[in-house]
Amino acid sequence: SSGINAEWPLRPGFLDKEACCWSNSTIIAQDYCSNWLRWSDLLVGTDNKMVKYAINYFCYISIGTSFAMLTVIFVMVIAPYASGSGIPEVKTILSGFIIRGYLGLSTLMTKSVGLVLCVASGLSLGKEGPMVHVACCIGNVFVRLFPKFTKNEAKKEKSTDCDSALIPLL
């Protein structure tokens, strides 16, 4: 076979048939590609279409559910502050109330990994709330590198103001 598909070392990692078999458009039109395997082809060698459909459906639901459950476990165990959109809490911080650990590194990492896993599981996810929370976490973690800001809560709050105001504009 010709094209990148023959030389690509990660062929089993493709998520859809078009990406796997893109080098030959006639293969896609004929609905046959020797490189593309469904879950039912890997797990069971039957020709029963109903059994194949059930196995493919079960695998699809299982993968999505496992990603969602992994997200829940990360948030519950590592950083409970990473749950929710984050906008109400950031507004509370901007009004002068200090919430220790809410904009920390563990919250940033948990929120980032959790967002990726949520999208991968197929859940719907807002754009603005998580972006504001992640931006404020990044700003807070970055500000900690400078002693001038570490010792002064008012200067840290100015950094949070800038982060929360500029990121939604992008």
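Modeller: Contact here means heavy atoms within 4.5 Å, and the model we are discussing is a predicted one.

Colleague: Which helices do the buried residues of α7 pack against?

Modeller: Residues count as buried when their relative accessible area is under 20%, and in α7 these include Thr107, Leu108, Lys111, Leu117 and Cys118. The partners against which the buried residues of α7 pack are α5 (49-77) and α8 (128-143).

Colleague: How far apart are the end C-alpha atoms of helix α7?

Modeller: Helix α7 runs over residues 105-121, and at 1.5 Å a residue its 17 residues should span 24 Å. The model agrees with that expectation, because the distance between the end C-alpha atoms of α7 is 24 Å.

Colleague: Which residue follows α7, and what is the sign of its phi?

Modeller: The helix ends with residue 121, and the residue that comes after α7 is Gly122. The phi of Gly122 lies near 100°, and its sign is therefore positive.

Colleague: Is Tyr53 buried or exposed?

Modeller: Tyr53 belongs to helix α5, and its C-alpha lies 9.9 Å from that of Arg38, although the two are 15 residues apart in sequence. Since the relative accessible area of Tyr53 is 57% and the cut-off is over 50%, Tyr53 counts as exposed.

Colleague: Which helix supplies the largest share of the nonpolar patch?

Modeller: The patch covers about 610 Å² of surface and is made by Leu37, Trp39, Leu42, Leu43, Val44, Val51 and Ile63. Leu42, a residue of α4, is exposed at 53% relative accessibility. Although α4 (39-43) and α5 each supply at least two residues, the largest share, three residues, comes from α4.

Key. Residues are numbered from 1 along each chain as its sequence is written. This is a predicted model: local features need pLDDT of at least 70, side-chain atom pairs count only at pLDDT 80 or more; totals for chains, interfaces and linings use all residues. Side-chain values use heavy atoms; hydrogens and water are left out. Helices (H or I, at least four residues) and strands (E, at least two) are DSSP runs, numbered from the N terminus. The expected span of a helix is 1.5 Å times one less than its number of residues. Buried means under 20% relative accessible area, exposed over 50%, partly exposed in between (1.4 Å probe, protein chains only). Patches are made of residues with over 30% relative accessible area and no salt bridge: like charges are joined within 9 Å, nonpolar side chains (Val, Leu, Ile, Met, Phe, Trp, Tyr) within 5 Å. Accessible areas come from the Shrake-Rupley method with a 1.4 Å probe; for residues, only the protein chains shown count as cover. A salt bridge is a side-chain nitrogen of Lys or Arg within 4 Å of a carboxyl oxygen of Asp or Glu.
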